[in-house]
Amino acid sequence: MTDAHRDYEGAKLGMWLFLFTEILLFGGLFVLFAVSMARHHDAFHMASQQLDPAMGAANTVVLITSSWLVAMAVAALKLGQDARARALTLGTIALAGVFLVIKYFEWSAKFRHGLYPGSAELAAHPPGEAAYFALYYAMTGLHGIHVLVGMGVLGFAWWLMRTGRCTQGDFVFLENAALYWHLVDLIWIYLFPLFYLVG
């Protein structure tokens with residue numbers, strides 16, 4: 001029987017290049033935030049008081065835990081513990097869902113209070129607060145999209161494991177999915193103090 005050629009190094013290099021583009025994307029947004037904050041420091045500080053740091057901290061714990069679970073899933077698969085790897089991957093996906101639910105309640109509360117771009121309530125505030133919330137929704141929204149993509153990628157990895165196509169001897173897809181998820185986690189670790197603990 002032929003042993004199909006698998007370019008593991010190429011797959012991992014491709015993932016790292018993709019992650020680098022993601023870092024550039026969010027890096028640009030972080031620079032934009034820093035410049036805007038330098039122009040509206042007091043307004044950014046006042047706007048940050050409108051956020052709930054308990055929710056932000058809870059989401060930080062959720063994502064760090066999920067990142068640990070997916071790392072454990074990769075380790076389990078490398079040891080040939082397929083069922084454990086699948087369970088840990090499902091746990092990661094479930095925590096990603098918890099993150100989005102918490103974010104949904106947080107965004108909903110802000111919308112109920114009229115704290116969204118273009119609202120009459122926010123128009124009555126200093127311009128710097130409108131800039132703060134525009135960046136808040138843009139950056140946390142973009143991060144939320146990455147969480148959804150991560151859930152899809154991890155779900156596909158689970159399916160590959162379930163059908164025997166991602167195994168102890170061929171685990172690169174789960175490993176790359178875990179790398180992506182670690183990046184999603186890392187970006188949030190920067191977003192949390194940026195928005196919730198600013199000033």
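**Exercise 1. Determine the handedness of the crossing of α2 and α6 in this predicted model, and describe the contact between these helices.**

*Solution.* The crossing of α2 and α6 is right-handed, in a model that is predicted.

Step 1. Identify the residues that touch. Helix α2 contributes A43, F44, M46, A47 and S48, while α6 contributes G128, E129, A131, Y132, F133 and L135.

Step 2. Sort these residues by class. The contact of α2 with α6 holds eight nonpolar residues, two polar residues and one charged residue.

Step 3. Locate the helices and their axes. Helix α2 covers residues 41-48 and helix α6 covers residues 127-162; their axes come within 8 Å and cross at roughly 60 degrees.

Step 4. Name the orientation. An angle under 35 degrees would count as roughly parallel, and one of 65 to 115 degrees as roughly perpendicular. The crossing is at roughly 60 degrees, and α2 and α6 are therefore oblique to each other.

**Exercise 2. Determine how α4 and α6 are oriented to each other, and give the class composition of their contact.**

*Solution.*

Step 1. Read the geometry of the axes. Helix α4 spans residues 82-112, and its axis comes within 10 Å of that of α6, with a crossing angle of roughly 160 degrees.

Step 2. Apply the cut-off. Angles over 145 degrees count as roughly antiparallel, and α4 and α6 are therefore roughly antiparallel to each other.

Step 3. Add the handedness. The crossing of α4 and α6 is left-handed.

Step 4. Give the composition. In the contact of α4 with α6 there are 17 nonpolar, eight polar and five charged residues.

**Exercise 3. State how many salt bridges a search of the whole structure finds, and establish which residues are joined into one network.**

*Solution.* Side chains of opposite charge can pair when their charged atoms come close.

Step 1. Count the pairs. The search finds three salt bridges.

Step 2. Examine K12 and E175. Their side chains form a salt bridge with an N to O distance of 3.7 Å. K12 belongs to helix α1 (residues 8-39) and E175 to helix α7 (residues 172-196), so that the pair links distant parts of the chain, 163 residues apart.

Step 3. Examine E175 and K78. These side chains also meet in a salt bridge, at 3.1 Å from N to O. Because E175 lies in helix α7 and K78 in helix α3 (residues 53-78), this pair ties together parts that are 97 residues apart in sequence.

Step 4. Examine K103 and E106. Their salt bridge has an N to O distance of 2.9 Å. The two residues are three apart in helix α4, which means that about one helical turn separates them.

Step 5. Look for shared partners. Salt bridges with partners in common join K12, K78 and E175 into one network.

**Exercise 4. Classify K12, K78, E175, K103 and E106 as buried or partly exposed.**

*Solution.*

Step 1. Recall the cut-offs. A residue under 20% relative accessible area is buried, one over 50% is exposed, and one in between is partly exposed.

Step 2. Classify the network. K12, at 29% relative accessibility, is partly exposed, and K78, at 37%, is partly exposed. E175, at 15%, is buried.

Step 3. Classify the pair within α4. K103 and E106 are both buried.

**Exercise 5. Describe the surroundings of M15 and S67.**

*Solution.* Neighbours up to four places away in sequence are set aside for M15 and for S67.

Step 1. Place M15. This residue lies in helix α1 and counts as buried, at 17% relative accessibility.

Step 2. List what M15 touches. Its contacts are N176 and L179. The C-alpha atoms of M15 and A177 are 8.9 Å apart in space, although 162 residues separate the two in sequence.

Step 3. Place S67. Helix α3 contains S67, which is buried with a relative accessible area of 8%.

Step 4. List what S67 touches. W181, H182 and D185 are its contacts.

**Exercise 6. Summarise the protein as a whole.**

*Solution.*

Step 1. Count the elements. There are seven helices and zero strands, giving the pattern α-α-α-α-α-α-α along the sequence.

Step 2. State the dimensions. The C-alpha trace spans about 70 × 30 × 25 Å along its principal axes.

Step 3. State the burial. Of the 199 residues, 43% are buried.

Step 4. Consider sequence separation. Among contacts with a separation of 6 or more, 81% are between residues 24 or more positions apart.

Terms used. Residues are numbered from 1 along each chain as its sequence is written. This is a predicted model: local features need pLDDT of at least 70, side-chain atom pairs count only at pLDDT 80 or more; totals for chains, interfaces and linings use all residues. Side-chain values use heavy atoms; hydrogens and water are left out. Axes are lines fitted to C-alpha atoms, for helices over the stretch in contact, and angles run from 0 to 180 degrees between N-to-C directions. Helices (H or I, at least four residues) and strands (E, at least two) are DSSP runs, numbered from the N terminus. A crossing is left-handed if the near helix is turned anticlockwise from the far one by less than a right angle, and right-handed if clockwise. Contact means heavy atoms within 4.5 Å. Ala, Val, Leu, Ile, Met, Phe, Trp, Tyr, Cys and Pro count as nonpolar, Asp, Glu, Lys and Arg as charged, and the others, Gly among them, as polar. A salt bridge is a side-chain nitrogen of Lys or Arg within 4 Å of a carboxyl oxygen of Asp or Glu. Buried means under 20% relative accessible area, exposed over 50%, partly exposed in between (1.4 Å probe, protein chains only).
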